[in-house]
Amino acid sequence: MRHITLKENGTFEHVWLPDIHTIPEDAIEVSEADFMLLSQNTDSKRYDIATGSVVDYVPDFVLDDAKNIKHSEIRSAFNTAALLPVTDSNGIAWSGGFDSAMKMDAAKRMAELAGLTEVALFDDANAEHVLNMADAAQVILTVGAVYQTKFAHKQALMVAVDVLPETATQADIDAIVVAF
């Protein structure tokens, strides 16, 4: 048996060892198995004193917390999707994302400043492609347009979360589908 104290919500707070601690009056005794379950699942399990059992802990719904979680989900999905390869009209897959478009654009502009008529760009598999300036511009615009489309979708999802009314529920949050 272990002596533990619980937080107000019934989740694990502290274990008290009789050899080194003075056991507080509000400590309860639980089995070793219950102690392990509670101490290793502090955010998902609580102890029900009335039944003497470990049960699932479901925190109260807090809209601001739910919105923050959804915002993080949107950002994470966008950050992954934005970097996916972009296939151009010739079937070549280029590294996706804002940075990729900007780096290719910079390479093209430097080649133009040097008076060149072609520029070497590297695809998602790191294969070199020597392109004339018009074709290079098309690749850059394609990668940039895909990024901008995904970015606009991310922003629309963020706004959809932000404008939820104060009466919104978890179901309203879950109804905002995050897909890119």
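Let me begin with a term: a residue is called buried under 20% relative accessible area, exposed over 50%, and partly exposed in between, using a 1.4 Å probe and protein chains only. What you see above is a predicted model, in which local features need pLDDT of at least 70 and side-chain atom pairs count only at pLDDT 80 or more, while totals for chains, interfaces and linings use all residues. Residues are numbered from 1 along each chain as its sequence is written, and side-chain values use heavy atoms, with hydrogens and water left out.

I will start with the salt bridges, where a salt bridge is a side-chain nitrogen of Lys or Arg within 4 Å of a carboxyl oxygen of Asp or Glu. By that rule the count is five, and I will show you three of them, beginning with Asp-105 and Arg-109, whose closest N and O atoms are 2.8 Å apart. These two residues are separated by about one helical turn because they sit four residues apart in helix α3; helices here are DSSP runs of H or I with at least four residues, strands are runs of E with at least two, and both are numbered from the N terminus. Asp-105 is partly exposed at 22%, and Arg-109 is also partly exposed, at 41%.

In helix α2, Lys-70 and Glu-73 lie three residues apart, and their side chains meet in a salt bridge at 3.2 Å, N to O. Is Lys-70 buried or exposed? Lys-70 is buried, with a relative accessible area of 5%, whereas Glu-73 is partly exposed at 37%.

The third pair, Asp-56 and Lys-45, meets at 2.5 Å, N to O, and links distant parts of the chain, with Asp-56 in strand β5 and Lys-45 in strand β4.

Now let us turn to the interior. A nonpolar core is a set of buried Ala, Val, Leu, Ile, Met, Phe, Trp, Tyr and Cys residues joined through side-chain atoms within 4.5 Å. The largest such core has 14 residues, and among the members that touch the most others are Trp-94, Met-104 and Leu-131. Two or more residues come from each of α3, β8 and α4, and α4 gives the most, with five.

Finally, consider helix α4 itself, where the expected span is 1.5 Å times one less than the number of residues. For the 30 residues of α4 this should be 44 Å, and the end C-alpha atoms are 42 Å apart, which agrees.
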